[in-house]
Amino acid sequence: MAEPVPVSVTVNGRRREAKVEPRLLLVHFLRNTLGLTGTHVGCDTSNCGACTVHMDGMAVKSCTVLAVQADGSEVTTIEGLGTGDALHPVQEAFWASHALQCGYCTPGMIMASADLLERNPDPSESEIRHALEGNLCRCTGYHNIVKAVRSAAEAGRAAEAAPIEVPEPPRATPQAGR
Amino acid sequence: MSIVDETRTGGNGFVGQALKRKEDPRLITGRATYVDDMVMAGQLHVAFVRSPEAHARIVSIDASAALERGDVEAVFTGEDMTDMAAPCVFFWKPPGVDVRVPDHWPLARGKVGYVGQCVAAVVGTDKYSVVDAAEQVVVEYEPLPVVVDPEAALEDSSPAVHDEFGTNNVFEWSIGGGDVEAGLAEADVVVERRIVNHRTAGAAIEPRGVLATWQADRLTLYSSTQIPHIARVVLSIQLGISEDRIRVVAPEVGGGFGSKLQVYGEEVFACYAARKLNRPVKWVATRSEDMSTTHHGRDNITYAKLGAKRDGTLTVIDAKVIQDCGSYHLIEGPVIPTFASCVITGCYQIPNVKCDVVGVFTNKFTTDAIRGAGRPEGIHVIETMIDQLAAELDMDPLELRRKNFIPADGFPAALPHGMVYDSGNYQGSLAKLLEHVDVEAFRREQAELRERGVYRGIGFSTYVEICGLAPSRVLGPPVWGLQGGYFESALVRVLPTGSVAAYTGTSPHGQGHETGFAQIVADRLGVTPDQVEIMHGDTAAGPFGKDTYGSRTLAVGGEAIVRATDKVVEKAKRIVAHKLEAAPEDIEVRDGKFSVKGSPDKAMALADIAAEAYIPTDLPEGLEPGLDETAFYDPENFTWPFGAHACVVDVDVETGKVKVVRYVAVDDCGPAINPLLIDGQVHGGIVHTIGQALYEQVVYDAEGQLATGTFVDYALPSAAEIPMFETDRTETPSPVNTLGVKGVGEAGTIGATPAIGNAVIDALRPLGVTFINLPYTPMRVWQAIQEAQGSGGGPRPTEQGRELDEQGRGPGFGPTTPEGGQL
């Protein structure tokens, strides 16, 4: 086993420090080191997307990122998506649209959907389907997930009635071997 | 977080509403607890050493290097576990049928029969390091001849998967009625096809996982399972621990689809090791472990003959099903194809019926129940054959269906092979489907598109399924031979403050039990669903139950809930009548209160009644304290949901790629308890089957190596491949239970494959393609087009390495005899 190395990651707004094996995956850092078990593992090959979190403002599959690569980053997990007791509009829409059954893919699906709406606040059905093709669901047949993302988009548009154009901040890209 | 309008005070009317689910707040916020989310002080992790050989003798196992590691607690092999009380418990002993059952242990003893079989287990302190240690265990194998093709396995020349039997024949089973020979003789046209239902995986997104603890001489197993109650029985038998000292808990379960209707060796091993080491023991499958050793489904070949008079009147169906069982059984695998035979006549009146089933050992992993479990295969056969026959008769396939449907006034319908369909209206569901699908308009569109080189086709299926698995007297030992009862239990407990906890012996993994059952209980008790907590998935929480599979939760478990609730209501009425000086029969539940008929102001709320029941100072003479009732329910019959599906596909004739562009489903599962949940089940079932029809296949090569061990090779459909669905319902109540419900969890998987397949053929008929077997992958479809066009097209499609002719028939077409010869 290689020597543990220190990492510092801001998770859901709080700075977390730990010494980790270099091979530790970010998803296991979140789940086992920090106890944030809302992020799930469904495959070994980055196909299913159950482990999707936001890292520096971008959706990543946390089974494909090493904890050491996240050093210095800001990570948001499903536990940090809402504010206080209030649900995020995507969470609200998933509940209202019956967009989940067993719930296992749901945290990743919600994180991927929230990421889509950040980049594209008014996606078409086809854009939603293609944006979510890296997240697998075996229960819902996707129909209600697509509906939920559409309705979250519509709710978001209604909430942002004021037509002020705000330039989007430059998006950070996770770098390998940082 | 409430699921109902806050201003409502409760009372009748929640049943039938599309309420949001009670389960969801924890699931959408990451607060749910699946097995892998649980941590116990001192817990150990397991990594299994698995066989890379499909068939081999184990010569030696050297675990010395692993045992020298400071982070390894123990290494077990099969020889270390000879104090197990019994091998895997197998539940099917049909009367008069000999089923060959090889001993199947959690860790192999002397020999392996499939790739991935557990040979040794390393138990240690760290999740990552046990995997390192398992790689240090050296196993020497002496390879043995391998057989993967079930038809080849039946031949005398085949290697035997199990020496002790001297044959790969697992069992032979038959059902029928009428006179098949006479039916064939009477027919003007007989269509024969070899129909393949290929091997698929359940592929729940949560892999299997277990956490076992041994504390105070008691075993507790937390398992990602559909069947905690059955698991307790199995653990008791295999480990020799009395049932009263075992508790099995199914926490949040991340999907099942039949694949967790099982008690796996890894589960039993974790319990064994926890007891031996006196420490909590945890194991969670990787996806590759899950793909290789979570039971597969389908994988049968049916030789079918369907005969009719020239006017389309069906005279006979004669089917022989060859089921690939893999090398070992788990709890019930070989029974699954017998459920195909139940629905082999579909929605039709066919006077002469025969369905033979033969099971076969091969050097592959076990097949068992996957969503639909036999019924998708049976319906795929009959609905494919109906379209094939219609083409032979030059008849509209919908007209052929209508001509032979069991009429709506023909229920209950006793069929020649012993089935009694409870209720149905097949004409009604097809008519409803055609309100959504304008076939004439489609044909015009299809013709226009063909002129532009777009090959669009439409396919239909009208299905019936056997659901509500119970009744014990049919499924149980004397008739079908499953060694258990198939009732359901429920407990309804009004607590001292008036809140309600209801327990079900069924065990959810995504279906929405907590919401649907709460709606039923709330209506009867005059409260809101928010006030009813549904307990499930814990053998310590209530009476013995029979868990969730076979679309039984509502039809069997729901009726048990009704009966337990009604007992509570009866007792509550006696208390209210006593307090309000009225007769019990004059008390009614209204507007959230138990009130005297005609005097709504003379009423008591449930909380007041609970206070009387639990502070029992003034109860009616002879009435016991408490407000807590149990019910067991075993129905008289199965339920028989049905429906009509239509699928529109586009086939790219240059590449063979099939795309589903429209899907319309009309399903009848009786009255809706919660329409939201029904639609969700239908959508999921259809996509499961679009996957089966177009993308998914578990593939073994000729050496028995699994070629589809990850989600890279085993292609689940993603959102990008799937259209929006159009769903509608008809409601034909079942006379079997008081709710009239039939079950809907498997409907989508049962109706969809033939609708897709018939659509593919409809698209390609102008090119001369008349038949293609599942799955409709680009290569298989493209080759069928090339062959039909006479342009060669490279190697023919094969199944298990066998070349097929244009009718999908293998060499020496015809059913094999039980002895392995040709009929």
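Helices here are DSSP runs of H or I with at least four residues, and strands are runs of E with at least two, numbered from the N terminus. The exercises below use a predicted model.

**Exercise 1. Locate the cis peptide bond that ends at B:Pro775, and place that proline among the helices.**

Step 1. Read omega for the bond from B:Leu774 to B:Pro775. The angle is near -10°, and the bond is cis.

Step 2. Place the proline. B:Pro775 sits in a loop of chain B, with H19 on one side and helix H20 (778-788) on the other.

Step 3. Repeat for B:Pro471. The bond that joins B:Ala470 to B:Pro471 is cis too, with omega near -5°. B:Pro471 is in the loop between strand E18 (455-464) and helix H14 (472-475) of chain B.

**Exercise 2. Describe the surroundings of B:Ala747.**

Step 1. Assign the element. B:Ala747 belongs to helix H19 of chain B, which covers residues 747-764.

Step 2. Judge exposure. The relative accessibility of B:Ala747 is 1%, so the residue counts as buried, the limit being under 20%.

Step 3. List contacts, leaving aside neighbours within four places in sequence. B:Ala747 then touches B:Tyr463, B:Glu465, B:His645 and B:Asp667.

Step 4. Check one C-alpha distance. B:Ala665 is 82 residues from B:Ala747 along the chain, and their C-alpha atoms are 9.7 Å apart.

**Exercise 3. Which polar partners does the side chain of B:Thr548 have?**

Step 1. Find the residue. B:Thr548 is in the chain B loop that runs between strand E21 (532-535) and helix H16 (553-580).

Step 2. Judge exposure. B:Thr548 is buried, at 4% relative accessibility.

Step 3. Look for a backbone partner. The backbone nitrogen of B:Ser507 is 2.8 Å from the B:Thr548 side chain.

Step 4. Look for a side-chain partner. B:Thr553 supplies one, its side chain making a polar contact with that of B:Thr548 at 3.0 Å.

Step 5. Widen the search to contacts of any kind, not counting residues up to four places away in sequence. B:Thr548 touches B:Gln226, B:Thr506, B:Ser507, B:Pro508, B:His509, B:Gln511, B:His513 and B:Thr553.

**Exercise 4. How many disulfides does the structure hold?**

Step 1. Count over all chains. The total is 0.

Step 2. Test B:Cys342. Its nearest cysteine sulfur is that of B:Cys355, 8.9 Å away, and B:Cys342 is in no disulfide. A disulfide needs two cysteine sulfur atoms within 2.5 Å.

Step 3. Test B:Cys669. The closest cysteine sulfur is in B:Cys467 at 9.7 Å, so the pair is too far apart for a bond.

Step 4. Compare exposure. B:Cys342 is buried at 1% relative accessible area. B:Cys669 is buried as well, at 5%.

**Exercise 5. Characterise the interface of chain B and chain A.**

Step 1. Count residues. Chain B contributes 57 residues to the contact, and chain A contributes 51 residues.

Step 2. Give the size. The two chains bury about 4400 Å² between them, with 60% of that area on carbon and sulfur atoms.

Step 3. Count polar links. There are 26 residue pairs in polar contact across the interface, both residues at pLDDT 80 or more.

Step 4. Name the chain B elements. Those giving two or more residues to the side that touches chain A are helix H1 (24-28), helix H3 (129-135), helix H8 (287-293) and helix H18 (675-695). H18(B) gives the most, with 8 residues.

Step 5. Sort that side of chain B by class. It has 27 nonpolar, 18 polar and 12 charged residues.

Step 6. Count salt bridges between the chains. The interface has 4. One salt bridge pairs A:Arg31 with B:Asp36, the closest N and O atoms lying 3.3 Å apart.

**Exercise 6. Where in chain A do A:Asn12 and A:Asp56 lie, and what is their phi?**

Step 1. Take A:Asn12. Phi is near 50°, positive in a residue other than glycine. The residue is in the loop between strand E1 (5-11) and strand E2 (14-20) of chain A.

Step 2. Take A:Asp56. Phi is about 50°, again positive although the residue is not a glycine. A:Asp56 is in the loop between strand E3 (52-55) and strand E4 (58-61) of chain A.

Step 3. Judge exposure. A:Asn12 is partly exposed at 27% relative accessibility. A:Asp56 is partly exposed too, at 22% relative accessible area.

Definitions and conventions:
Residues numbered from 1 in each chain as written. Chains lettered and ligands numbered in written order. Predicted model: local features only at pLDDT ≥ 70, side-chain atom pairs only at ≥ 80, totals over all residues. Heavy atoms only, no water. Contact = heavy atoms within 4.5 Å. Buried area = accessible area lost by both parts, 1.4 Å probe. Salt bridge = Lys/Arg side-chain N within 4 Å of Asp/Glu carboxyl O. Polar contact = N/O pair within 3.5 Å; in protein donor to acceptor, adjacent residues only side chain to side chain. Nonpolar A, V, L, I, M, F, W, Y, C, P; charged D, E, K, R; others polar. Buried < 20%, exposed > 50% of the residue type's maximum accessible area, 1.4 Å probe, protein only.
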